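Open the model in your viewer and keep the selection tool at hand. The stops below say what to pick and what is there.

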Amino acid sequence: YNLIQCFIVLSSTVSYVSSNGAAASGQVARTAAAPPDQQQQQQQQQQGNAWQVIKGVLFRILIIWAISSWFRRGPSTPDPSAPAGAPRLPSRNLFPKDTLMDLYVYISENEVFSDFNNTESLFWFQRDLIYGDWTTGEAGDGCYEHYLELDTPEGTQRNGSLYIHVYFTKSGFHPDPKRKGQYRRLATVHASRMLNKFKRRKFLKTKNLLTGATEADPEMIKRAESHGPVEIISHWHPNLTINMVDDHTAWVKGSVPPPLDQHVKFDAVSGDYYPIVYFNDYWNLQKDYYPINETLKKLPLRLTYCPLSLWRWQLYAAQSARSPWNFLGEDAYEQSDEDQDSVKVALLETNPYLLGLTIVVSIVHSIFEFLAFKNDIQFWNSRQSLEGLSVRSIIFGVFQSLVVLLYILDNETNFVVQVSVFIGLLIDFWKITKVMDVRMDWENRIAGVIPRLIFKDKSTYVESSTKIYDDMAFKYLSWILYPLFGCYAVYSLIYVEHKGWYSWVLSMLYGFLLTFGFITMTPQLFINYKMKSVAHLPWRMLTYKALNTFIDDLFAFVIRMPMMYRIGCLRDDVVFFIYLYQRWIYRVDPNRVNEFGTSGLHHSEENLAQVAAEDTTPAAITDKPEGEKKND
């Protein structure tokens, strides 16, 4: 039920975006022209991976589901400030419905604002707003808008901060505490935040390893030499929405579920809570930010005031919740923002019904992925015979996973991706212990200290014809792989820039495996052909993986992504169809060994032995006197 509710929220969000113009597309249309640096940045920005979009949507659905569960749970930890045993009474909103109020917006370089008499700091004053009104405004939706170009302060040009201070007061009151008679604490709501955003710009020193030349901008090279490889630059976005949540829930202090508790502020004396003021920049895409420097003399700023419903605010609060990732640092935050951009673009550009179908299919994909993983572990854990299985493909898979892990570590990829690849590598190492006999040689130590690892093929693999076919398949495969590998290495060395020789080796191996890695699936096809059997394969795992590949094909042609990824999905389908063809031509054979190391003949022999044992059992004696039968 919660997942269905979350889908309705997402669909409503897309409708809300398209109706009131709060989406990034509308905001960018009203944005002032960006400098040439921003346009060049936009051209160089890569498109997000398709599965990052889908997994991001699913991750946020799970967050919303968790929040819904928190709303339905029992009371949380008692408020430590309350007296022992005292009941926690529900509170009320200090601003009742239809309260007449005024809006004051100040712009300042100071995080704590007190210069209310400075008229230059007052950016926007809006009189007689109605709290919870959805019918007034220019468009009849309760929204008001104000646009102005600010003179860029010198401190902000030198990577300083610029803050916005928003005050809502009941009509007739003023936010300045020094004005006695016009200021009232319970009639004033204050919220502030930084307008500019600091982003890291990294410079990778790459060059052609043969000539030493580079295509990087000379100006960027000078900045990298003076500021280092990582430079923190202040960026600006010209749009911001001020939302006042139309909420009159009887919140209880100490029991507001996270992350909503970060926004609900209670008055220490009365115990009631202030209206929730939320700075909504969710639809501000990262690509629309541009750097602030000495050449930027004006800062365009368009502020929009809109009421916001409680459930929609819960959605935005869940999207911006980052508390589970505090230990990852600022780099993970920036990567998370880039991933969120892919989700936002998908929400903006995708039809709500297609988006719903995508979410359902993604859930099915996740289930199939889990089932494939579970069956793969069960298959190798219960495997007794290696007859018909390519052991060298398993070993090559470990090498491939190791190269991928080293490559993403060298390129500082997302932390979550690094963890997932590392777990996959551990599973591949575990498979090695299932296909080979691994033991420690304590006598012949390396340098007299480290014990030596000994790998030996299992007897079920050596004694069967599988090893001969496996060696033959990799011999034929090497005739194709080695020339391709040499050509790709020369191409990468001549035409691609690298950080160093280590990066060249990793990127060359990774690119080669990404392009021609599917060829390593062909030795198993060759073994099946030679043995005229496919009963030794883990068909459940292959079926689930094939279904996932078909789902990948669906997204590959629905979502924009690189052509190489689409070709990769298609070639995996071709290999699986060859597996299906082999399963069709190699009919069921009772002598064929299955994945558990047994055959139908073994079961038949066991059944015959059981019948023979029953036949040798003495027959029951029925000719007895009536008295003995009664005693029996």
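The tour starts with the whole chain and then moves through selected parts.

**Whole chain**

Note before selecting anything that this is a predicted model. Show the protein chain as a cartoon: 19 helices and 13 strands are there. Colour by burial, and 41% of the 632 residues count as buried. With a surface switched on, the chain exposes about 35200 Å², and carbon and sulfur atoms supply 59% of that area. Contacts can be sorted by sequence separation: among those between residues at least 6 apart, 78% join residues at least 24 apart.

**Strand β11 and its partners**

Select residues 298–309, which form strand β11. Of the 12 residues in this strand, 11 are buried. Add residues 144–151, strand β3, which pairs with β11 in the antiparallel sense over eight bridges. To find one point of this pairing, label Asp 151 and look opposite, where Lys 298 of β11 stands.

Next add strand β8, residues 239–246; β8 and β11 run parallel and are joined by eight bridges. Label Asn 243 here, whose bridge partner in β11 is Cys 306.

Continue along the chain to residues 310–319, helix α7. Eight of the 10 residues in α7 are buried, including Arg 312, Trp 313 and Gln 319.

**The nonpolar core**

Which residues have the most contacts inside the largest nonpolar core? Select Val 105, Ile 164, Phe 168, Leu 303 and Tyr 305 to see them; the core itself has 33 residues. Strands β1, β2 (122–130), β3, β4, β5 (188–194), β8, β9 (277–280) and β11 each supply at least two residues of this core.

Centre the view on Phe 168 and show its surroundings. Beyond its neighbours within four places in sequence, Phe 168 is in contact with a set of residues that includes Phe 95, Leu 103, Leu 129, Val 189, Ile 242, Met 244, Val 277 and Tyr 305. Asp 102 and Thr 188 are also among its contacts.

A second, separate core has 27 residues. To find this second core, select Val 391, Ile 408, Tyr 461 and Ala 546, which are among its members.

**Aromatic rings**

The structure holds 20 aromatic pairs. Pick Tyr 106 and Tyr 167 and show their side chains: the pair is edge-to-face, with 6.0 Å centre to centre and 80° between the planes. Tyr 106 lies in strand β1 (residues 100–108) and Tyr 167 in strand β4 (residues 163–170), so the pair ties together parts that are 61 residues apart in sequence. Are these two tyrosines, Tyr 106 and Tyr 167, buried or exposed? Tyr 106 and Tyr 167 are both buried.

Add Phe 113 and Phe 116, which make another edge-to-face pair, 5.1 Å centre to centre with 80° between the planes. Both of these phenylalanines are buried. Keep the four residues selected, since ring pairs link Tyr 106, Phe 113, Phe 116 and Tyr 167 into a cluster.

**A three-strand sheet**

Select β6 (197–202), β7 (230–236) and β10 (290–291). They form an open sheet in the order β6-β7-β10, with antiparallel pairing. The edge strands are β6 and β10, each of which pairs on one side only. Between β7 and β10 there are two bridges, and His 235 stands opposite Pro 291 of β10.

Then show the side chains of Lys 197 and Tyr 289. The charged end of Lys 197 sits over the ring of Tyr 289, 5.4 Å from the ring centre.

**Helix α15 and what follows**

Go to residues 522–531, helix α15. Its buried residues include Pro 523, Leu 525, Phe 526 and Ile 527. Just after this helix comes Lys 532, with a positive phi of about 55°. The charged end of Lys 532 sits over the ring of Tyr 529, 4.3 Å from the ring centre.

**Two loop residues**

Last, label Asp 98 and Asn 159. Asp 98 is in the loop between α4 (50–72) and β1, and its phi is near 65°, a positive value in a residue other than glycine. Asn 159 lies in the loop between α5 (154–157) and β4. Its phi is also positive, about 70°. With 32% relative accessibility, Asn 159 counts as partly exposed.

Technical notes:
Residues are numbered from 1 along each chain as its sequence is written. Side-chain values use heavy atoms; hydrogens and water are left out. Helices (H or I, at least four residues) and strands (E, at least two) are DSSP runs, numbered from the N terminus. Buried means under 20% relative accessible area, exposed over 50%, partly exposed in between (1.4 Å probe, protein chains only). Contact means heavy atoms within 4.5 Å. Accessible areas come from the Shrake-Rupley method with a 1.4 Å probe; for residues, only the protein chains shown count as cover. Rings of Phe, Tyr and Trp (its six-membered ring) pair if their centres lie within 6.5 Å; planes under 30 degrees apart count as stacked, over 60 as edge-to-face and the rest as tilted. A charge sits over a ring if NZ of Lys or CZ of Arg is within 6 Å of the ring centre and within 35 degrees of the ring normal. Two strands pair if DSSP finds at least two bridges between them. A nonpolar core is a set of buried Ala, Val, Leu, Ile, Met, Phe, Trp, Tyr and Cys residues joined through side-chain atoms within 4.5 Å.
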